[in-house]
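This briefing goes through two protein chains by topic. It covers their elements, spread, burial, contacts, surface and charges.

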Amino acid sequence: MTPSRRGYWLSMAALAVALPAALAVSGWGSFVNWRAVNVREPTAAQVGQKVDYAGAQWTVTRLTRLAGGEGRAVVLAEFEAVIPDPKAFANVPCQIGLSDGEGRTWQPVFLGDPVVRKMYPEALQRALCGGPSFAEAKGGEPVRMAASFAIPASASDLKLSVALLSALPAYLSVSEPQP
Amino acid sequence: MIGTLRTALALLFAAAVLYGLQHTRPRYSQITSPIVTTGGMNERVQTGNFALSLDSVRVARALDVETFGKTKAYTTPGVWVVVEGTAEARHETLSLTSADWISTAGVRYALTDRIPATIEMLPGDVNQPGLPRRALLVFEMPQEAVAGGSVAVTRSKLSPLDDEVQIAVDADTDRTEPKITLRRNNEGFPWTVLPQR
């Protein structure tokens, strides 16, 4: 094999390695972002169970379904977190969601539902999960939060999810207690 | 001689192909435009993310808006088109923030921003999966834009390749009303279009 031919084939081989490597390097950031958004790893817990998540101790104290009328139900979730380092949580976004066995997901109802207002008015005094509620945390005292969801009465296998951006892809998953 | 001719022909051919590609290349906005699902009135038109049906369209020369006991009149050199329907999210909570009227000439009219926010139109609604919700759309446009027009609804104008529903609206311009009233209800159903049909 002549030196020029050897150089040609070496270049071709280098290209076969360099091209996929360049694609992998340039796409890595996008892959990490995609994974953070789409791949989730649940930390399962039951209502009333204390569980460590994202550097705090969490307890979902209530996950109850209320009749909403006209084929509709309202789910009230109350939960609390004992945060050892409130400053570290002050600016951490928190996502709350409710999902069912069909893969549908609901976001909390803004300002709470009238049914909750009537039956659990104290729940409306609680803030949603997020920076402002964490900022009020005082050493060792639990931060109490609540969220309500409007769902079809037929929805089943409900699961509450609490996800802190700093802890993704891990999130807290709590199933609706079965009667 | 033949080789030179062949090369020249190949170059000409390549130039013609490149010219064709240049002039048929779709614009970026076309490549990323919404994926449209079409339908008609009283038909549930479903996309991957949401479903929409329209069941009422009314055309009027003037519009009164009644909120908290006060009435304000809205005049227009054209007409008001008030469309009602039902929207439903399919898999996740979402809002349908963009709604346009598309005339047969292809002109798009955005929802009016003249009426007060106390009359909540479709973009302000939060749609929950499995819970159909009544939707209100109010447009202001020239009379000639009404006939044959359609309503286009999407989650956002800014999301590339998002779902869009386009519903052909049978608006009868011969039945243009002198005036209709939009009343905000304090209880129960959020609004009423008067006079009731």
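## Surface and overall picture

The accessible surface of chain B is about 10900 Å², and carbon and sulfur atoms account for 56% of that area. For chain A the accessible surface is about 10500 Å², with 58% belonging to carbon and sulfur atoms. The model is a predicted one, and totals for chains use all residues.

**Secondary structure**

- Chain B contains two helices and 12 strands.
- Read from the N terminus, the order in chain B is α-α-β-β-β-β-β-β-β-β-β-β-β-β, with both helices ahead of the strands.
- Chain A contains four helices and nine strands.
- Its order, again from the N terminus, is α-β-β-β-β-α-β-β-α-α-β-β-β, so that helices and strands are interspersed along chain A.

**Spread of the chains**

- Chain A has a radius of gyration of 24 Å, whereas the globule rule gives 16 Å for 179 residues; the value is well over the rule, so chain A is more spread out than a compact globule.
- The C-alpha trace of chain A spans about 90 × 40 × 25 Å along its principal axes.
- Why is chain B described as more spread out than a compact globule? Its radius of gyration is 23 Å, and this is well over the 16 Å that the globule rule gives for 197 residues.
- Along the principal axes of chain B, the C-alpha trace spans about 90 × 40 × 25 Å.

**Burial**

- In chain B, 45% of the 197 residues are buried.
- In chain A, 36% of the 179 residues count as buried.

**Contacts along the sequence**

- What share of the contacts in chain B between residues at least 6 apart in sequence join residues at least 24 apart? The share in chain B is 71%.
- For chain A, 66% of the contacts between residues at least 6 apart in sequence join residues at least 24 apart.

**Charges**

- Chain B carries 20 positive and 21 negative charges, and the mean positions of these two sets are 4 Å apart.
- Chain A carries 16 positive and 14 negative side chains, and the centres of the two sets lie 8 Å apart.

How values were computed:
Residues are numbered from 1 along each chain as its sequence is written. Chains are lettered from A and ligands numbered from 1 in the order in which they are written. This is a predicted model: local features need pLDDT of at least 70, side-chain atom pairs count only at pLDDT 80 or more; totals for chains, interfaces and linings use all residues. Side-chain values use heavy atoms; hydrogens and water are left out. The radius of gyration is taken over C-alpha atoms; the globule rule is 2.2 Å times the number of residues to the power 0.38. Buried means under 20% relative accessible area, exposed over 50%, partly exposed in between (1.4 Å probe, protein chains only). Contact means heavy atoms within 4.5 Å. Accessible areas come from the Shrake-Rupley method with a 1.4 Å probe; for residues, only the protein chains shown count as cover. Lys and Arg count as positive and Asp and Glu as negative; His and the chain ends are not counted. The place of a charge is taken as NZ of Lys, CZ of Arg, CG of Asp or CD of Glu.
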